[in-house]
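Please read the points below with the structure open beside you. They take the cavity, the ring pairs, the salt bridges and the cysteines in turn.

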Amino acid sequence: MPISSLFKQTSDKLPDKVAIEFEDKRVTFKEINQIGNKVANAFQNIGIVKGDRVAQFMPNCLELVYFIVGNFKNGSIVVPMNANFKEQEILHILSDCTAKAIITDKERLPIVKNIKDKLPELKHIILIDGRENNTLNFDELIKNAADKEPSAIIKDDDYSIIFYTSGTTGKPKGAALTNLNVASGVKALVQTWKWTKDDIFLLALPLYHIHGIGVALCGSLYAGNFTILRKKFIAEDVLETIQKRKVTLFMGVPTMYFKLLEVEGLEKYDTSSMRLFVSGSAPLSRELFYKLKKAFRHEILERAG
């Protein structure tokens with residue numbers, strides 16, 4: 001089953017439930033599904049079709065969520081890129097995957113402009129925060145697009161995401177995941193972690209990594225829980241939010257957990273609402289595991305793969 005079908009199932013079951021809160025905005029599962037449809041149909045209108053690669057180069061925000069969902073629905077392939085990458089790193093990835101479009105923001109636009117002439121396949125630059133010459137504005141792009149389900153026929157073995165490796169043995173290489181890869185992983189995690197619509201999930205992972213997209217975002221949109229999305233990880237904010245909002249689920253990398261332990265007055269924060277802490281993307285040392293267990297009275301669940 002295509003990953004987008006899992007999202008639609010949740011939207012049909014819980015249309016009016018708030019899915020994601022980001023800063024001062026809240027959106028329901030139905031709204032995410034409909035805006036995802038508009039993205040997919042808008043892409044088709046400008047010639048982005050199934051199999052085309054579309055890159056993302058920006059920090060966490062709601063537009064990024066809509067973009068990811070819309071790409072899945074359109075059958076175009078998401079190519080996430082680290083929001084902190086420099087010019088040569090971006091040039092390599094965009095050139096290697098022959099991206100047809102990129103979605104970014106004004107802060108990172110100069111990097112894209114500087115290399116645009118070296119990327120003949122790159123036809124569209126989509127900005128989430130304004131419009132400049134030779135770019136498309138995200139809101140204007142989807143404004144008149146239909147919010148009905150797109151016509152793309154997506155199969156299990158169609159690619160959904162290309163993640164680039166860290167390049168430890170050379171240049172980063174694109175690792176392509178099919179719809180079945182992503183959907184089966186999400187189903188397994190939701191079942192194994194007893195992830196439900198009643199969970200309150202604090203998502204501070206970057207949505208350019210497999211942990212952030214393939215595990216956290218896709219998992220939450222399938223499980224139907226309420227997600228508090230942050231632009232970036234701030235240790236004090238995580239602890240304050242867990243206490244104030246009675247968070248039950250948090251995912252991080254070992255470095256993030258180190259930062260949590262370094263927060264002054266850690267013992268004053270009430271984290272008793274927590275059901276599950278997850279660590280992934282890098283090895284969790286034995287020493288850190290036991291320090292976290294002592295601090296949070298939880299055994300951190302380590303995931304890989």
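**Notes on the predicted model**

1. The lining of the largest cavity is made up of F7, S11, F29, I32, N33 and L221. Two elements each give two or more residues to this lining, namely α1 (3-13) and α2 (29-45). The largest share comes from α2, with 3 residues. Bear in mind while reading that this is a predicted model.

2. How many cavities of 30 Å³ or more are there? The count comes to 1. The space in the largest cavity is about 50 Å³. Sorted by class, its lining has 4 nonpolar residues and 2 polar ones, with no charged residues.

3. F7, already named in the cavity lining, also takes part in an aromatic pair with F72. A general remark helps here: two numbers describe a pair of aromatic rings, the distance of the centres and the angle of the planes. For F7 and F72 the centres are 6.1 Å apart and the planes are at 45 degrees, a tilted arrangement. This pair links distant parts of the chain, since F7 is in helix α1 and F72 is in helix α3 (residues 62-74), 65 residues apart. Are these two residues buried or exposed? Both F7 and F72 are buried.

4. The model has 9 aromatic pairs. Elsewhere, ring pairs join F250, Y257, F277 and F296 into a cluster. When viewing the structure, display these four side chains together.

5. There are 15 salt bridges in the structure. One of them is between the side chains of R245 and E21, at 2.9 Å from N to O. Why does this pair tie together distant parts of the sequence? R245 belongs to helix α9 (residues 235-245) and E21 to strand β1 (residues 18-22), so the bridge connects parts that are 224 residues apart in sequence. R245 is partly exposed, with a relative accessible area of 25%, whereas E21 counts as buried at 10%.

6. Salt bridges that share partners join E21 and R245 with R26 into one network.

7. A further salt bridge is formed by the side chains of K113 and E132, at 3.1 Å from N to O. K113 sits in helix α5 (residues 109-115), and E132 sits in the loop between β6 (124-127) and β7 (136-137), so this bridge too links distant parts of the chain, 19 residues apart. Both ends are partly exposed: K113 has a relative accessible area of 40%, and E132 has 32% relative accessibility.

8. The side chains of D237 and R230 also meet in a salt bridge, at 2.8 Å from N to O. Of this pair, R230 counts as buried, at 18% relative accessibility. The cut-off matters for that value, because buried means under 20% relative accessible area.

9. How many disulfides does a search of the whole structure find? The search finds 0. A disulfide needs two cysteine sulfur atoms within 2.5 Å. The sulfur of C97 has its closest cysteine sulfur in C218, 19 Å away, which is too far for a bond. For the sulfur of C218 the closest cysteine sulfur is that of C61, at 16 Å, again too far for a bond.

10. Where do these cysteines stand on accessibility? C97 counts as buried at 5% relative accessibility, and C218 is buried with a relative accessible area of 0%.

Notes
Residues are numbered from 1 along each chain as its sequence is written. This is a predicted model: local features need pLDDT of at least 70, side-chain atom pairs count only at pLDDT 80 or more; totals for chains, interfaces and linings use all residues. Side-chain values use heavy atoms; hydrogens and water are left out. Buried means under 20% relative accessible area, exposed over 50%, partly exposed in between (1.4 Å probe, protein chains only). On a 1 Å grid over the protein atoms alone, a cavity is a set of points where a 1.4 Å probe fits but cannot get out, and a pocket is an open set with protein on both sides within 12 Å along at least five of seven lines; lining residues have an atom within 4 Å of a point. Grid points are joined across faces, edges and corners, and a volume is the space filled by probe spheres set on the points. Helices (H or I, at least four residues) and strands (E, at least two) are DSSP runs, numbered from the N terminus. Ala, Val, Leu, Ile, Met, Phe, Trp, Tyr, Cys and Pro count as nonpolar, Asp, Glu, Lys and Arg as charged, and the others, Gly among them, as polar. Rings of Phe, Tyr and Trp (its six-membered ring) pair if their centres lie within 6.5 Å; planes under 30 degrees apart count as stacked, over 60 as edge-to-face and the rest as tilted. A salt bridge is a side-chain nitrogen of Lys or Arg within 4 Å of a carboxyl oxygen of Asp or Glu.
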